[in-house]
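Trainee: Could you walk me through this one? I have not looked at it before.
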Amino acid sequence: MSLPKWTNDRPQSLKIGGQTIVIPPNTGVMPSLLAVQTYPKYWQDPLVWKPSRWISSSAATTSDLATRLREKVVFTPAKCTYFPWSDGPQNCLGAKFSQVEFVAVIACLLRGHRV
């Protein structure tokens with residue numbers, strides 16, 4: 001799983017740590033998305049299935065359940081650490097469609113329930 005991209009008609013500089021790498025013009029690059037999305041620097045236990053990593057709470061220390069539930073927020077990963085539909089001007093054409101479809105499926109599943 002990679003993210004194929006091409007440099008433009010000018011050399012592109014890439015800083016990694018204290019080193020600068022120059023990528024020649026019109027060069028194809030394919031960064032590994034799996035490597036980025038499982039890098040331990042950004043993701044704790046990256047290979048473990050933990051859906052709870054996406055929910056955080058600022059009220060985790062309070063014992064009041066209503067307060068804890070009200071203050072749950074969806075975790076937003078740091079930029080360039082998670083690419084569900086690629087990134088940049090050439091990202092996935094179906095990204096918006098799949099997001100709308102997901103909301104429609106959840107709405108259908110929960111239409112008879114109250115959350």
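Mentor: Let me begin with a term: accessible areas come from the Shrake-Rupley method with a 1.4 Å probe. For this protein, which is a predicted model, the accessible surface comes to about 9,700 Å², and 62% of that belongs to carbon and sulfur atoms.

Trainee: How many helices and strands are there in the protein?
Mentor: The protein has 3 helices and 6 strands, and from the N terminus on they run β-β-β-β-α-β-α-β-α.

Trainee: And what share of the residues is buried?
Mentor: Buried residues make up 11% of the 115 residues, where buried means under 20% relative accessible area.

Trainee: Which residues make the nonpolar surface patch?
Mentor: Phe102, Val103, Val105, Ile106, Leu109, Leu110 and Val115 make it, and the patch covers about 720 Å². One of these residues, Leu109, lies in helix α3, which spans residues 95-110.

Trainee: Is Leu109 buried or exposed?
Mentor: Leu109 counts as exposed because its relative accessible area is 58%, and the cut-off for exposed is over 50%.

Trainee: Changing topic, which residue in the loop between β3 and β4 should I look at?
Mentor: Look at Asn26, which is found in that loop, between β3 (19-23) and β4 (28-29). Asn26 is not a glycine, although its phi is positive at about 55°, and with a relative accessible area of 54% it is exposed.

Trainee: What about Asp45, where is that found?
Mentor: Asp45 sits in the loop between α1 (33-37) and β5 (55-57). Phi of Asp45 is near 50°, a positive value in a residue other than glycine, while its relative accessibility of 42% makes Asp45 partly exposed.

Key:
Residues numbered from 1 in each chain as written. Predicted model: local features only at pLDDT ≥ 70, side-chain atom pairs only at ≥ 80, totals over all residues. Heavy atoms only, no water. Helix = DSSP H or I, 4+ residues; strand = E, 2+ residues; numbered from the N terminus. Buried < 20%, exposed > 50% of the residue type's maximum accessible area, 1.4 Å probe, protein only. Patch = residues over 30% accessible without salt bridge, like charges linked within 9 Å, V, L, I, M, F, W, Y side chains within 5 Å. Salt bridge = Lys/Arg side-chain N within 4 Å of Asp/Glu carboxyl O.
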